[in-house]
Amino acid sequence: MTRTRNDERPGRQRPRTLAAASLAAVTILALVLPALPAPALAAGNVFAQGAPLSSTFGLRFGPDGRLYATSFGVGIVILDPDTGQVVGLLGPEQGVVGPEDVAFGPDGSLYWAEMFTGYVGRRAPSGEVTKQMVAPGVNPLAFSPDGRLFVSVCWWADLLLELDPNLVAPPKPVLDNLGWFKGTAFGADGKLYGASVFSGSILRVDVSTQPASVEVVTGGLGRPFTAKFDSQGRLLVVDRLTFDLLRIDPATGTRQLVVHLPFGPDNVAVGPSDRLFLSSYSDSGIYEVLSDGNLKTILPGGMVLPEGTAVVPRPDGESVFVACQFSLREYDAATGALRGVERTTFSPPPAFIGPSTVSADGEKVLLTTTLPTGVVQGWDPMTGASTENHGDFAVPVNALRFRGDLVVADLGTQPGAARVVRVWAGGT
């Protein structure tokens with residue numbers, strides 16, 4: 001398989017109500033968060049080995065010089081950036097559940113955003129943990145130079161909020177409809193910069209005015225997800241559509257390519273001497289970008305969040321397909337060797353959706369996803385193209401072909417809305 005491209009701009013998607021979003025988010029959380037650790041398998045029983053972490057998202061250096069990475073299914077992993085050694089972990093036992101971003105307050109407190117549960121958490125230097133419910137979809141965190149805390153809500157809403165750093169007072173709305181404001185950071189000018197995913201642009205927000213004002217720094221990007229600064233005040237932008245890391249001058253909007261990536265990038269962290277580190281949503285590795293443009297693996301990637309398998313015949317034997325939420329991985333059924341990977345760019349169908357389940361459909365496969373909305377997709381691995389797309393399901397968690405028709409299990413977004421439906425040419 002090869003990674004597909006889709007340069008078509010997505011239309012704005014209608015956010016669900018927060019109540020419906022909460023149910024959908026909890027449903028997804030239950031599906032993809034790991035249960036209790038399984039017993040270790042004997043080496044002869046392992047068909048394909050996964051990555052050490054189950055997706056890496058937010059990435060930031062702490063006051064201690066360590067690299068803090070959020071792993072959706074593990075927690076906040078603390079790494080030695082030189083050796084890649086894991087020197088600490090904050091997980092469910094410390095109150096960290098499914099973190100998506102991490103930040104540090106002026107007093108050294110560690111903050112994290114739990115995208116699916118909707119909580120923002122704070123771990124004080126004393127070790128005391130405080131959490132506040134904000135909304136499902138809480139995502140990037142950013143502190144202003146004067147210690148104000150801002151968070152964006154994406155996926156099921158489109159909001160910029162200001163939080164009480166003590167997580168006591170209710171969140172204050174700042175702006176809405178920024179097109180999913182991701183990967184935020186404050187510049188030397190005291191303004192908040194971030195990536196507008198839907199508009200393909202980098203925005204500058206002046207949070208000192210009432211109401212806050214917005215400017216476009218640069219546009220024409222594919223699917224930008226971060227806007228972080230290096231020591232020279234230049235923006236580092238991850239583009240999920242092109243799999244590029246870009247360097248952008250915030251004054252002029254001019255850009256240059258830093259590196260084209262072989263995996264789906266999520267976030268970037270800038271360390272001492274402008275060392276650049278990247279996380280990967282699709283492969284779950286952590287990498288350093290060297291001065292010559294090569295990548296140094298800090299933590300290896302691979303299969304992440306495996307949620308479904310299907311065996312499909314090929315002219316040269318059988319393949320085992322594994323749905324990994326952000327990718328579809330194909331393995332040789334006889335040897336376990338990796339044959340190919342399809343990675344989602346978070347573009348709408350007919351682009352590859354990124355599956356949570358997979359089932360065989362002759363020599364093709366049927367995929368389902370709930371991120372950000374429910375889609376059932378037919379996919380041809382040999383051509384790398386979709387064969388059908390169905391978007392009229394709320395939370396589809398499985399689909400299969402039955403006597404030529406499509407049968408879908410749909411959990412719905414309200415109690416009692418769960419259903420199994422059969423779709424054929426004449427109706428449903």
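These are my notebook entries on a predicted model, taken topic by topic.

**Entry 1: sheets**

I began with the strand pairing. I found an open sheet of four strands in the order β9-β10-β11-β12, and the pairing is antiparallel. Its edges are β9, residues 138-143, and β12, residues 172-176, each of which pairs on one side only. I noted an average turn of 25° between neighbouring strands of this sheet, with direction ignored.

Within this sheet I looked up the contact between β11 and β12. Strand β11 covers residues 159-163 and is joined to β12 by four bridges, the two running antiparallel. For Leu 160 I recorded Leu 175 in β12 as the bridge partner.

I then went to an open sheet of three strands, ordered β33-β34-β35 and also paired antiparallel. The edge strands here are β33 (396-402) and β35 (419-423), and each pairs on one side only. Neighbouring strands are turned by 20° against each other on average, again with direction ignored. Between β33 and β34, the latter being residues 405-410, I noted six bridges in the antiparallel sense. Leu 400 has Val 407 in β34 as its bridge partner.

**Entry 2: cysteines**

How many disulfides does the model have? The count comes to zero. I also looked up the accessibility of two cysteines. Cys 154 has a relative accessible area of 0% and is therefore buried. Cys 324 is likewise buried, at 0%.

**Entry 3: salt bridges**

I recorded a count of 23 salt bridges and looked up some of them.

Lys 131 pairs with Glu 114, with the closest N and O atoms 2.8 Å apart. Lys 131 sits in strand β8 (residues 129-133) and Glu 114 in strand β6 (residues 110-114), so this salt bridge ties together parts that are 17 residues apart in sequence. Which of these residues, if either, is buried or exposed? Lys 131 is partly exposed at 32% relative accessibility, whereas Glu 114 is buried at 1%.

Next I took Arg 314, which forms a salt bridge with Glu 330; the closest N and O atoms are 2.8 Å apart. Arg 314 belongs to strand β25 (residues 308-314) and Glu 330 to strand β27 (residues 327-332), so I noted a link between distant parts of the chain, 16 residues apart. Arg 314 has a relative accessible area of 22% and counts as partly exposed. Glu 330, at 2%, counts as buried.

The third pair is Asp 316 with Arg 339, where the closest N and O atoms are 3.8 Å apart. Asp 316 is in the loop between β25 and β26 (317-323), while Arg 339 is in strand β28 (residues 338-343), 23 residues away. Arg 339 is partly exposed, at 23% relative accessibility. I then checked for shared partners: Arg 314, Asp 316, Glu 330, Asp 332 and Arg 339 are joined by salt bridges into one network.

**Entry 4: nonpolar cores**

Which residues have the most contacts inside the largest nonpolar core? I listed Phe 116, Trp 155, Trp 180, Tyr 281, Phe 326 and Leu 371, in a core of 17 residues. I followed up Trp 180. Leaving out residues up to four places away in sequence, Trp 180 touches Cys 154, Trp 155, Ala 157, Asp 158, Ala 195, Ser 196, Val 197, Phe 198 and Pro 372. A second core, separate from the largest one, has 16 residues, among them Tyr 111, Ala 113, Val 120 and Val 134.

**Entry 5: backbone**

I looked up two cis peptide bonds. One joins Gln 210 and Pro 211, with omega about -5°. Pro 211 is in the loop between β15 (201-206) and β16 (213-218). The other runs from Pro 349 to Pro 350, with omega near 15°. I placed Pro 350 in the loop between β28 and β29 (357-361).

I also noted positive phi at two residues that are not glycine. Asp 274 has a phi of about 60° and lies in the loop between β21 (265-270) and β22 (276-280). At 21% relative accessibility, Asp 274 is partly exposed. Ser 284 has a phi of about 70° and lies in the loop between β22 and β23 (286-289). Ser 284 is buried, with a relative accessible area of 0%.

Technical notes:
Residues are numbered from 1 along each chain as its sequence is written. This is a predicted model: local features need pLDDT of at least 70, side-chain atom pairs count only at pLDDT 80 or more; totals for chains, interfaces and linings use all residues. Side-chain values use heavy atoms; hydrogens and water are left out. Two strands pair if DSSP finds at least two bridges between them. Axes are lines fitted to C-alpha atoms, for helices over the stretch in contact, and angles run from 0 to 180 degrees between N-to-C directions. A disulfide is a pair of cysteine sulfur atoms within 2.5 Å. Buried means under 20% relative accessible area, exposed over 50%, partly exposed in between (1.4 Å probe, protein chains only). A salt bridge is a side-chain nitrogen of Lys or Arg within 4 Å of a carboxyl oxygen of Asp or Glu. A nonpolar core is a set of buried Ala, Val, Leu, Ile, Met, Phe, Trp, Tyr and Cys residues joined through side-chain atoms within 4.5 Å. Contact means heavy atoms within 4.5 Å.
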